[in-house]
Every structure is written in structure tokens, then in C-alpha cells.
Amino acid sequence: MDMFGKKVGAAERAALEVAEDSRQQEWKHSSFLRGLFDGRFRWNLVHPFPEQSPEDKAKGDAYLAKMEKLLREKLDPNEVDLTGRIPDLVIKELFEIGAFAVKIPAEYDGLGMSKVNYGRILHLVASYCGSTTVLLSAHQSIGVPQPLLDFGTEEQKRKYLPRFRKGAISGFALTEPDAGSDPSHMSTTAAPVEDGKYYLLNGEKLWCTNGVIADVIIVMALTPPKIVNGKERKQITAFIVETKTPGFEVKHRCEFMGIKGTQIGLLKFTNVKVPRENIVLREGEGLKLALTTLNTGRLTMPAGITGVSKYVLWASRLWAKKRNQWGMPIGEHEAIADKLASMAASVLAMEAMTWYVTHMADHPHSDIRLEAAMAKKFCTETGWYVVNEALQIRGGRGYETAGSLRGRGEKDDAYPIERILRDVRINTIIEGTSEIMSLFITREALDTHLSKMKPLFSSKSGLGLKLKTLMGMTFSYAGWYPFLWLPVFGIGRDSGVSAPLKKHLLYAKRTTQRLARGMFHFMMLYQQALAKKESLVSRFVDISADLFAISVVCSYAVGQIKKGVSAEESAALADLFCRMAKARIRQKFRETVCNQDALKKSVARKILDEKYSWLESDIIKTA
Ligand SMILES: Cc1cc2nc3c(=O)[nH]c(=O)nc-3n(C[C@H](O)[C@H](O)[C@H](O)COP(=O)(O)OP(=O)(O)OC[C@H]3O[C@@H](n4cnc5c(N)ncnc54)[C@H](O)[C@@H]3O)c2cc1C
């Protein structure tokens with residue numbers, strides 16, 4: 001059934017099947033968030049807060065200094081915004097310092113940096129220039145280097161990776177005009193020719209970042225379908241495509257409200273001949289490759305948006321102190337003070353979540369697919385809130401361009417908040433929209449239950465299997481469910497955690513049980529249809545985000561105190577964030593039982609059926 005109660009059609013079923021087939025199914029390593037959904041608050045997974053080794057940190061520090069010097073001396077981000085170009089000289093110098101090969105191991109001529117150092121670099125770049133961040137990130141977070149590092153053959157790695165030190169730029173081409181969040185609807189084809197030695201690519205790819213200037217792109221395309229278990233299954237395959245191959249064409253360079261210096265294009269492939277050895281992973285596993293690449297690739301987004309948010313917090317602080325209205329600095333008016341405090345607490349949470357997940361990505365025994373999706377959603381949404389508040393604090397100057405501010409003499413205070421707001425808006429859309437992140441997290445959160453129940457609802461299961469499944473479930477839930485009601489006395493290893501923060505962690509532990517109970521109750525009520533109740537389940541996703549944030553914030557605050565930050569200040573900011581998060585959690589729980597979901601659904605149906613077209617009167621309709 002769809003959300004309006006109509007039977008799911010063949011197209012939707014096929015899309016879900018393709019997505020399910022391409023999903024990473026196994027969980028080999030630990031995940032704090034997966035534990036939360038099972039009702040287990042595994043504080044030991046977030047505390048003590050992970051730290052870089054002194055050697056790794058020193059390597060990162062030295063590189064950051066080099067990058068900052070290059071950006072400060074050679075790049076004017078407002079000029080990039082105005083001209084729509086990152087100067088060639090800057091790109092050349094970025095290559096000279098290895099900025100396009102940061103994560104590539106030294107044996108392939110890369111810098112061999114850790115993921116934490118890579119995140120730190122993008123955090124720094126993003127605090128200065130959105131377009132340059134997108135250039136570097138699309139190239140090596142999702143472009144050719146990342147899937148090759150994860151899935152490439154030794155031969156492919158030796159052939160391509162060293163090129164990213166010498167001037168080659170890459171991109172990732174999944175989206176098409178009719179295939180956005182649902183890539184199973186793609187229509188670009190790759191037909192085998194010459195006994196399968198080559199493939200001919202035909203079709204269009206939309207919004208390929210760097211596509212206009214890229215030398216090499218990873219392209220997902222349909223190869224001939226296969227019969228799996230008696231049914232025809234779509235096959236999506238990933239190819240490395242050299243853009244100099246005849247038949248490749250940049251049809252259009254796209255323009256956007258922000259990140260004006262990016263080279264994002266609509267690409268056309270007409271009989272582009274690609275050798276078989278350019279397939280990455282195996283035939284039919286291209287969507288799995290794309291989704292797995294995005295699972296970790298999107299981790300650079302929280303790092304970037306945290307960098308930007310820290311910049312605007314800094315600018316807001318300076319302005320709130322300097323600007324006097326009604327006889328005092330605006331920062332001393334309660335409404336602005338409220339904003340500053342809430343922004344700082346939010347930035348603390350973004351920082352804690354970003355670095356926790358990024359450290360985990362370097363850890364061989366952790367699985368961060370849930371945490372990366374959560375950090376992407378939480379940080380990009382929180383970052384948007386922070387930047388929007390910064391614009392409000394700047395008042396009219398927040399809406400004015402940096403060039404205009406400078407032009408009329410406001411040299412020292414020409415913070416480019418207007419450009420930053422335009423640049424960061426894309427973050428909740430690319431590399432998985434917030435809504436799709438929520439669906440992805442929900443699917444994984446319900447996995448324990450869904451995998452247990454699957455035979456019960458399958459038309460293919462016989463009565464024997466159904467009874468066996470029912471007994472297995474009863475046995476398993478009889479052990480698990482009562483545990484969700486046990487009283488909580490402590491959080492385990494809590495060295496260095498101050499009393500107020502301990503209280504928040506105890507709350508998080510208790511609420512973790514409540515979260516798992518709540519999801520289980522709705523699972524029993526709606527069974528598989530629960531995943532379709534997007535408004536309901538998104539509240540559980542938001543609750544888990546705040547529980548995760550409370551946990552990492554408390555751990556991070558303890559770590560900061562150990563590094564010499566004042567205990568009083570660190571604990572106060574963490575305390576504020578936890579109180580804000582608790583208020584949101586309470587509200588979300590209330591809304592799981594008392595909401596307007598049904599009414600909204602019926603109004604939305606009427607909107608789609610044009611019953612409210614009278615609300616669209618007296619306007620100039622342009623399309
Ligand atoms: C500047 C820019 C750069 C990009 N770079 C790249 C790139 O390098 N490579 C690449 O392959 N793609 C790229 N993209 C594409 C980007 O990843 C897509 O825009 C994104 O995946 C969403 O697809 P869409 O825009 O077609 O939105 P749609 O999928 O049409 O979605 C529209 C809205 O509906 C919501 N929605 C869709 N399905 C559901 C659902 N099942 N439940 C609830 N809500 C839903 C979405 O969240 C969104 O709010 C880029 C896009 C832009 C604008």
C-alpha cells in the first residue's frame with residue numbers, strides 16, 4: 001500500500017526490489033546507532049572520545065597550514081561567486097599540494113592521509129569557499145578515487161589513481177533527468193559489443209559535479225537484464241569513462257543559486273565505447289557500488305558544513321558585540337543572546353558528531369553507514385539553521401553581498417553571509433536528501449524486526465515455515481522485550497563526566513529503551529507498512545539523532561576538558577545542548593501519538609487533486 005492506501009504498483013515494487021538488492025545487508029562491525037534502535041545504549045562506543053595520534057595530527061596540521069596559505073593568498077571566494085570560476089592557477093596549485101589525492105595511499109602517488117585529516121581539510125576549505133569544497137569533495141569523496149579505493153582491481157588502481165596527482169579531475173554520474181532519489185529508474189544503457197569486450201554507452205546524466213571539466217567519470221548504466229530466481233532483474237553496472245572518448249559531450253553547464261564556481265553539467269553519451277576492463281566491481285553491482293560509495297563519501301558533508309557554521313558563529317559573535325542598537329550591543333538583547341547561545345550549542349553538537357563519525361571511519365572495526373547518514377542529515381539541517389540565524393543577527397547586512405558591503409566602505413565587517421547562505425542550501429539535497437536519509441535510517445533501524453518477520457508475510461512461505469518463524473520470534477522477543485523495561489542505574493565507564501552531564505546520559509540511556517519500545521509497538525501495529533508511515537518514523541529518526549548527539553556531545557565535552565578547555569565552559573555548553581535536545585525529544589514522542597498525520601495526508605490528497613486551486617488565485621503563474 002502507498003501512503004494514500006492505494007496498492008503499491010509494479011513500478012514502485014520494482015524500484016524497491018532494486019534498492020533492496022543493492023543494499024549492504026550484513027552488519028559485521030559495531031554501530032552505536034544500530035544499538036540505539038535495539039534499545040542498547042553502548043556508551044563505551046562513544047567514550048572516551050576518539051583522538052588522532054600525535055603523528056597523524058602533526059601531518060594534518062602541516063597540510064592545513066599549507067592549504068590555508070594557498071587559499072588566503074590566491075583565492076577570493078567572492079570573486080569565484082561573481083565570475084562563476086575557480087581560477088585555473090588555483091586549481092593548478094591545489095594539484096601541486098596534492099589536494100586531489102588526499103586519501104589516495106602513497107603507493108599510488110597520493111598523500112595517504114587519514115579520513116580524519118581529509119575531513120579536517122574540507123572543514124577548513126568549506127569555512128572559506130563553498131565552490132572549492134564541492135570541487136575537491138565531489139572528486140574524491142564520490143568521484144573515481146573513492147570507488148576505486150573500495151572496489152577497484154589492482155590494475156585499475158595503478159592505472160588511474162596516480163593521475164589524480166598530475167591534473168586529472170573526476171566526477172560521479174548517477175542522477176538522470178528521470179532518476180533522482182530513485183536511481184532504479186535510470187535509462188542510460190551500456191550495451192555489450194564485440195563479444196562483450198566493449199560496451200556502448202548511450203543516455204544522459206544530470207548534474208554531474210565536475211562533469212564539465214572532468215577527465216574521468218564513474219558512470220552507472222543499465223547492462224542487459226538477467227533472470228534471477230525466475231524473474232527478470234535490472235542490472236546496473238559502474239564504468240570508468242574517459243571524457244575524451246568520442247561520443248561524450250557536455251550538453252549544458254548548469255547554474256545554481258549558490259556554489260557558483262562549480263562545474264556541474266548535463267552530460268550526453270552517444271555510443272561512447274568503453275572497454276570491459278573499465279567495469280568497477282562486477283556487472284550488475286553498479287548501484288551497490290554507488291550506494292556504498294555514498295555511504296562513506298557523504299561523510300565530508302558534515303565536516304564541511306561544520307566548518308562553515310563555525311565561521312558564521314565567529315562572524316555573529318564579532319557583530320553582536322560591535323553593533324549597538326537601543327543603547328547596547330545587539331548581543332545583549334535577549335532575543336539575539338538566545339540565538340547566539342543556541343547556535344553555539346548546535347555547533348558543538350555538529351562538531352562532536354562530525355569528528356566522532358569521521359574517526360570511526362578510520363577505525364577498521366566499525367560500521368558507520370548509519371552514523372554517516374545521520375551526521376549528514378543532522379549537520380546539514382542544523383548548519384542551515386545556524387547560517388540562517390547568523391544572517392538574521394547581521395540584519396540588513398546579512399542580506400547584502402560582500403562586494404556591496406565593501407563597495408560602500410564596510411571593509412572589516414564584510415562577512416559574506418549572503419553568499420554562504422546560498423552556498424550551503426544545497427547540502428540537504430545532494431548525496432541523499434534529508435528525506436531519503438530518513439528512509440535509509442528507518443530501513444536499517446527496522447532491519448532486526450523485518451528480517452525476523454520476513455517469512456511470516458511472504459506469500460512464498462509455507463505454513464510450517466510461518467509457524468517456525470512465529471515461534472522463533474516469540475522466543476527472541478521474550479528475551480529482548482522485558483529488557484526494554486528494566487530500570488537504568490548507571491551508564492558504565494563514566495570517568496571525567498560531570499554530574500549534570502551524567503544526568504543527561506542516564507536520560508539518554510533510559511530514552512534509548514523507550515525509543516526501541518516505541519518503534520517495536522508501531523512495528524507490531526503496522527508491520528511492514530510502518531516504513532511507509534514516513535511522518536511517524538521520521539520522528540523516531542529525529543529522536544535517535546538527538547540521543548546520538550547528546551551522547552557524543554557529553555563525550556566530546558569531557559575530551560575537550562582533558563585538552564585544557566575550561567571545564568565550566570565546556571560543561572555549560574554541553575548542558576545547554578542536551579537540554580535543547582531533550583525538549584525536542586519530548587515533543588517528538590508526544591507527536592508519535594498526538595499528531596495531524598491523517599489530516600495532513602487527506603489535505604495533501606486534496607491538494608494533489610486540485611481541490612485547493614482557489615488558493616492559487618491572483619498570482620502570476622510563470623511555468
Ligand atoms: C548542485 C547539485 C550537484 C549534484 N551533484 C551530483 C553528482 O555529482 N552526481 C550525481 O549523480 N548527482 C548529483 N546531483 C543530484 C542530487 O544527488 C539529486 O538532486 C538528489 O539525489 C535528489 O534528486 P532530485 O533532485 O531528482 O529530487 P527527487 O528525487 O525528484 O526528489 C524531490 C523531493 O522529493 C523527496 N522524495 C523523493 N523520494 C521520496 C520518498 N520516497 N519519500 C519521501 N520523500 C521523497 C526528496 O527528498 C526531495 O525533497 C546534484 C544535484 C545538484 C542540485
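A polar contact, as I use the term here, is a pair of N or O atoms within 3.5 Å; within protein, one of them must be able to donate a hydrogen and the other to accept it. Keep that in mind for the interface I want to go through, in what is a predicted model.

First, the layout. The domain assignment splits the protein into domain 1, made of 16–48 and 446–605, domain 2 at 54–165, domain 3 at 170–284, and domain 4 at 296–442. I will talk about domains 2 and 3. Their centres, taken over C-alpha atoms, are 24 Å apart.

Now the polar side. Between domain 2 and domain 3 there are 10 residue pairs in polar contact, counting pairs with both residues at pLDDT 80 or more. On the domain 2 side, four helices each give at least two residues to the surface touching domain 3: α4 (77–83), α7 (130–142), α8 (145–151) and α9 (154–160). Of these, α7 has the largest share, with 7 residues. By type, that side of domain 2 has 13 nonpolar, 7 polar and 3 charged residues.

How many salt bridges link domain 2 and domain 3? The count is 1. There is a salt bridge between the side chains of R163 and E242, at 2.8 Å from N to O.

Finally, the extent. In contact terms, 23 residues of domain 2 meet 23 residues of domain 3. The two domains bury about 1,800 Å² between them, and carbon and sulfur atoms account for 61% of it. Of the area domain 2 buries against domain 3, 25% comes from V144, Q156 and Y160, more than from any other three residues.

Technical notes:
Residues numbered from 1 in each chain as written. Predicted model: local features only at pLDDT ≥ 70, side-chain atom pairs only at ≥ 80, totals over all residues. Heavy atoms only, no water. Domains from an automatic or database assignment. Contact = heavy atoms within 4.5 Å. Buried area = accessible area lost by both parts, 1.4 Å probe. Salt bridge = Lys/Arg side-chain N within 4 Å of Asp/Glu carboxyl O. Polar contact = N/O pair within 3.5 Å; in protein donor to acceptor, adjacent residues only side chain to side chain. Nonpolar A, V, L, I, M, F, W, Y, C, P; charged D, E, K, R; others polar.
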